[in-house]
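Student: Could you help me find my way around the empty spaces in this one? I'd like to start inside and work outwards.

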Amino acid sequence: MGEIAADPTHPRYQSLLMRHRLEEAEKKGMLAGSALIAHGRGEAFDYMIGEQTLPSALQATHQALAYLSQAKNPVISLNGNVVALAGREILHLAHHLQCPVEINIFYRTPERMEALLSHLHEIKQQEGLDVDILGAEPNARIPGLEGPRAKCTKEGIFEADVLLVPLEDGDRCEALVAMGKTVLVIDLNPLSRTAQMASVTIVDELTRVVNNMNRILESEEQTMLLSTYDNQATVQQALDHISTFFAS
Ligand code: ATP
Ligand code: MG
C-alpha cells in the first residue's frame, strides 16, 4: 500500500496517514459507502481523547490479549475499514497468536470480498506470514441477524470462543455476545452499543491498539487474565477523560 509523502513531524501526520490508507482502499473497492463516515465518527472521539492511548485502554488491551492468548479457538474478525487501516499489522498479530482472521462485512458483495481477500493474501505473501484467512466461503449464520451480514464460517467465527472484533456494529456485537462468546472490541466511541455490550472494550484507535498488542507480544511480557478487570469501569474512565476535554 502506498504511503503519503507528508512530513512525519506534521502534528496531524497519523491522522493524515489513516485517511490516506482509506482513500487507497476506496480506490481498490474495499470499502462500503459509509466507511468514511464511520471513520469520521472515530476521529471526533479520538480528538477528544487526545489521540493517545489512555492508561485504561492499555489495561483493556492487556486483558484482551490475555483472552486471545488463552483461547481455544480465537478469531479476529475483519471488516473493510479494519483491513484498510491495519491489515498488515493485524496479520502480524494473527501470526503471533496463531489465530485465523475472518472477513465479516456488513455490506457484502462479491467484488468487495474479492478486493479484501486479495489485499490480505498479498500482504501475507509479501511478509511471509502463516495465517488462515477465512470468510470467502461462509457456511454458517450468526443467529439473530438478518441478511448477508449474518454470514460466517463454521470453523471461524461460528465456533470461536474468543473473538476480537475491531470497529464492530452494535447489532452484531450483541448477537455474538448472545452466542456466549467472549467479545473483545476496539471502539473510540465509549457510548456506542458495541462499547457498552462487549466483554472487553478498548477505547482507543485501531492502529494504536494493534501496534500495542504486537509490541507487548514481541517483548514477551507475560499476559495475565485479571479476575478483577471491570469493563464498565474501564469504559467509564474513557468517558471521564473525555469530559475533561470539555472542562478545559
Ligand atoms: P454501534 O453500532 O456500536 O452503536 P455506531 O453505529 O455508532 O455504533 P458504527 O458505524 O457501527 O458505529 O461503527 C463505527 C464505530 O467505529 C464508531 O463507534 C467509531 O467511533 C469507531 N471507529 C471508527 N474508526 C475507528 C478507529 N480507527 N479506531 C477505533 N474506532 C474507530
Ligand atoms: Mg452501528
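**Holes, a pocket and a ligand**

Tutor: By class, four nonpolar, three polar and two charged residues line the largest cavity. Here Ala, Val, Leu, Ile, Met, Phe, Trp, Tyr, Cys and Pro count as nonpolar, Asp, Glu, Lys and Arg as charged, and the others, Gly among them, as polar. This is a predicted model, where local features need pLDDT of at least 70, side-chain atom pairs need 80 or more, and totals for linings use all residues. Residues count from 1 along each chain as written, ligands from 1 in the order written, and side-chain values use heavy atoms, leaving out hydrogens and water.

Student: OK, which residues line the largest cavity?

Tutor: S77, L78, N79, N104, V165, P166, L167, E168 and R172. Strands β1 (74-78) and β6 (162-166) each give at least two residues to that lining; strands (E, at least two residues) and helices (H or I, at least four) are DSSP runs.

Student: And how much space lies in the largest cavity?

Tutor: About 40 Å³. The whole structure has two cavities of 30 Å³ or more. A cavity is where a 1.4 Å probe fits on a 1 Å grid but cannot get out; a pocket is open, with protein on both sides within 12 Å along at least five of seven lines, and lining residues have an atom within 4 Å of a point.

Student: Switching to pockets: what volume does the largest pocket have?

Tutor: About 1,200 Å³. It has 48 lining residues, and A38, H39, G42, N81 and L167 are the closest to its centre. That lining divides into 17 nonpolar, 14 polar and 17 charged residues.

Student: Which helix gives the most to that lining?

Tutor: α2, with ten residues. Several helices supply at least two each, including α1 (13-27), α4 (80-97) and α8 (206-218).

Student: So where does ligand 1 sit?

Tutor: In the largest pocket, going by more than half of its atoms lying within 2 Å of the grid points.

Student: Which residues come nearest to ligand 1?

Tutor: R41, G170, D187, T194 and E205, out of 17 around the ligand, meaning a heavy atom within 4 Å. α2 turns up again, with the largest share of that shell, four residues. Five of the shell residues are nonpolar, six polar and six charged.

Student: What about polar contacts, what does G170 have there?

Tutor: A backbone N or O atom of G170 is 2.7 Å from an oxygen atom of ligand 1, inside the limit for N or O pairs, within 3.5 Å. R193 also has a backbone N or O atom 3.0 Å from a ligand oxygen. With D169, a polar side-chain atom lies 3.0 Å from an oxygen of ligand 1.

Conventions: A polar contact is a pair of N or O atoms within 3.5 Å; within protein, one must be able to donate a hydrogen and the other to accept it, and residues adjacent in sequence count only if both atoms are side-chain atoms. Grid points are joined across faces, edges and corners, and a volume is the space filled by probe spheres set on the points.
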